[in-house]
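Please look over the sequence and the fold before reading the notes that accompany them. The briefing is meant for use beside the model, topic by topic.

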Amino acid sequence: MAGADEAGRGSLAGPLVAAAVLIDYERLSLRDRRALGELDDSKQRTPEEREQLYPVVVRAADRVAVTVRCVRGIDARGLHVTNLAALGRCLERVARPGTVCLTDGFPVPGCAVEPQPVIDGDARSAAIAAASVVAKVTRDRYMCRIAEAYPGFSFSENVGYSTPEHRAAIMKLGPSDLH
C-alpha cells in the first residue's frame, strides 16, 4: 500500500512538499508494525514526536518519494493544481504493479496509478500518515535551515505558517521571496 500527503498547503511562506510512502505490510517486523501503530495525522504531533517517527517511517518503508514545489511554481500554476501534480508524481515514483495507492482527501486526476482519496486519510491509513510525517519533517527542516537567510520572519519557529508574529513581520518587512 502506498500513501501520499503534503505539507505547506496552508502556509504563508515556503515550499509545498509532497511525499509518498510505500509500505509492504507482509515484510514488516512486529517492531515496525507496532511503531507504525503510533502514526496519525502529523499535525497532531509535536515537532519532536515527528522527528522521532521519521526514522521509523523510513526504516519501515519499502520506498519513499518526496517532491518539492517552490513558491514561484505555486504562484504560476495555482496551489491546488501544484498540490495534485506533486502528490501524483510521488505516488508514481513509489508504486509497483498491484499497489493500492491512497491520498489524503484529494482525487488526483491524470495520475498513472489512479489513487483512491481517503477523507481524513492521515488519521485512517498508516501509509498516508507515514507520508504526512515525511512531508512535514522535510518541509520543517528546510524552513529551519533557511531561517537565517530571512531574519525577522521567525521561520525556525513558525515554519512559514500564519502566526500573529509572522503576519506582523510581513506587515513590517513586506513579503519575502518565500511568501
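What follows describes the sheet, its strands, two of the helices and the nonpolar cores.

This is a predicted model, in which local features need pLDDT of at least 70 and side-chain atom pairs count only at pLDDT 80 or more, while totals for chains, interfaces and linings use all residues. Residues are numbered from 1 along each chain as its sequence is written, and side-chain values use heavy atoms, with hydrogens and water left out. An open sheet of five strands, in the order S3-S2-S1-S4-S5 and with mixed pairing, is described first; helices (H or I, at least four residues) and strands (E, at least two) are DSSP runs numbered from the N terminus, and two strands pair if DSSP finds at least two bridges between them.

**The sheet**
- The edge strands of this sheet are S3 (63-69) and S5, each of which pairs on one side only.
- Neighbouring strands are turned by 25° against each other on average, direction ignored, where axes are lines fitted to C-alpha atoms (for helices over the stretch in contact) and angles run from 0 to 180 degrees between N-to-C directions.
- Helix H6 lies across S1, S2, S3, S4 and S5, and runs at about 35° to S1.

**Strands S1 and S4**
- Six of the six residues of S1 are buried, so this strand is largely enclosed by the rest of the structure; buried means under 20% relative accessible area, exposed over 50%, and partly exposed in between (1.4 Å probe, protein chains only).
- Both faces of S1 are covered, with Ala2, Ala4 and Glu6 on one side and Gly3, Asp5 and Ala7 on the other.
- S1 pairs with S2 in the antiparallel sense over six bridges, and Ala18 in S2 is the bridge partner of Glu6.
- S1 (residues 2-7) also pairs with S4, here in the parallel sense over three bridges, and Gly3 stands opposite Leu102 in S4.
- In S4 (residues 101-104), Cys101 and Thr103 are buried on one side, and Leu102 and Asp104 are buried on the other.
- S4 and S5 (residues 116-118) pair in the parallel sense over three bridges; Leu102 has Gln116 as its bridge partner in S5, and Asp104 has Val118.

**Helix H2**
- H2 (residues 47-60) has 14 residues and reaches 20 Å from its first C-alpha to its last, close to the 20 Å expected at 1.5 Å a residue, the expected span being 1.5 Å times one less than the number of residues.
- A kink of about 25° lies at Leu53, shortly before the proline Pro55; the bend at a residue is the angle between axes fitted to the seven residues ending there and the seven starting there.
- The buried residues of H2 are Arg50, Leu53, Tyr54, Val56, Val57 and Ala60, and they pack against S2 (16-22), H1 (30-36) and H6 (126-146), with contact meaning heavy atoms within 4.5 Å.

**Thr82 in helix H4**
- Thr82 belongs to H4 (residues 79-94) and is buried, with a relative accessible area of 1%.
- Not counting residues up to four places away in sequence, Thr82 touches Leu16, Arg69, Gly73, Ile74 and Arg77.

**Nonpolar cores**
- The largest nonpolar core has 21 residues, of which Val21, Ile23, Leu39, Val57 and Val133 touch the most other members; such a core is a set of buried Ala, Val, Leu, Ile, Met, Phe, Trp, Tyr and Cys residues joined through side-chain atoms within 4.5 Å.
- S2, H2 and H6 are the elements that give two or more residues to this core, and the largest share, eight residues, comes from H6.
- Apart from this core lies another, of 16 residues, among them Ala95, Cys101, Val108 and Cys111.
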